[in-house]
Amino acid sequence: MDATGKGMRVMRLILPYPVSANRYWRIWRNRAVRSAQAEAYRETVRRIAQEAGEMPSEGSVAVRLRLIPKANKDGSASKTVIDLDNALKVALDALQGIAYHNDRQVRRIAAEYGSEPKQGGGLAVEIEELEMEQTDAAGEGWDFIGQDGWDV
């Protein structure tokens, strides 16, 4: 709950299977730009969020993703699957300006492969607004391993 006693907002969306990260970005005039496929995917994500009545979060958020495998004709999971980290990159970029204003608002990320294949696959996404205290990982007793003298 937040300071007003209201629950924190959670946005849940089922998105199409993500575009491959290899097809998402293109180099144009020595700059990385989104491809036509990437722009089409972002537009689809925007439309789905808009139809659900969702607006971008203003504060810090946690993002959870479940990549739903594509099903073969016999119902089994396709062996061709996008890497989870690439699905994450594509999804986080596509959600920027839709679920949150800037990806700097993302303070926690969890991603996993789903077990039940679906025709065409998909991506289940949950974006949860975080309270300020929830964004301080060092205050939660996490152990950080790094260089001596790092103040985390």
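Helices and strands here are DSSP runs, numbered from the N terminus. In this predicted model, the loop between α2 and β4 is where A52 sits. With a relative accessible area of 45%, A52 counts as partly exposed, because that value falls between the 20% and 50% cut-offs. Although A52 and L13 are 39 residues apart along the chain, their C-alpha atoms are separated by 8.1 Å.

Next comes the pairing of two helices. Helix α2 covers residues 36-51 and helix α3 covers residues 84-95; their axes come within 9 Å and cross at roughly 60°. The two helices are therefore oblique to each other, and their crossing is right-handed. On the α2 side, the contact is made by Y41, R42 and V45, while α3 brings in V90, D93, A94 and L95. Sorted by type, the residues of this contact come out as 5 nonpolar and 2 charged, with no polar ones.

Both helices also feed the largest nonpolar core, which has 31 residues. Besides α2 and α3, the elements giving two or more residues to this core are β1 (10-15), α1 (21-24), β4 (61-68) and β6 (122-129). Helix α3 provides the largest share, 7 residues. As a general matter, nonpolar side chains tend to be buried together in soluble globular proteins. The residues with the most contacts inside the core are L15, Y41, V63, L95, Y100, L123 and I127. Two of these names, Y41 and L95, also turn up in the contact of α2 with α3.

V63 deserves its own look. Leaving aside residues up to four places away in sequence, V63 touches L92, Y100, V106, R108, I109, A110, E126 and I127. Among these partners, Y100 and I127 are listed with V63 as residues with the most contacts inside the core.

Backbone angles bring up one more spot, the loop between β2 (25-28) and β3 (31-34), which holds R29 and also N30. Most residues other than glycine have a negative phi. In R29, however, phi is positive, near 55°, and the residue is not a glycine. N30 is not a glycine either, and its phi is also positive, at about 60°. As for surface, R29 has a relative accessible area of 68% and N30 one of 77%; both are over the 50% cut-off, so both count as exposed.

Notes
Residues are numbered from 1 along each chain as its sequence is written. This is a predicted model: local features need pLDDT of at least 70, side-chain atom pairs count only at pLDDT 80 or more; totals for chains, interfaces and linings use all residues. Side-chain values use heavy atoms; hydrogens and water are left out. Axes are lines fitted to C-alpha atoms, for helices over the stretch in contact, and angles run from 0 to 180 degrees between N-to-C directions. Helices (H or I, at least four residues) and strands (E, at least two) are DSSP runs, numbered from the N terminus. Angles under 35 degrees count as roughly parallel, over 145 as roughly antiparallel, 65 to 115 as roughly perpendicular and the rest as oblique. A crossing is left-handed if the near helix is turned anticlockwise from the far one by less than a right angle, and right-handed if clockwise. Contact means heavy atoms within 4.5 Å. Ala, Val, Leu, Ile, Met, Phe, Trp, Tyr, Cys and Pro count as nonpolar, Asp, Glu, Lys and Arg as charged, and the others, Gly among them, as polar. A nonpolar core is a set of buried Ala, Val, Leu, Ile, Met, Phe, Trp, Tyr and Cys residues joined through side-chain atoms within 4.5 Å. Buried means under 20% relative accessible area, exposed over 50%, partly exposed in between (1.4 Å probe, protein chains only).
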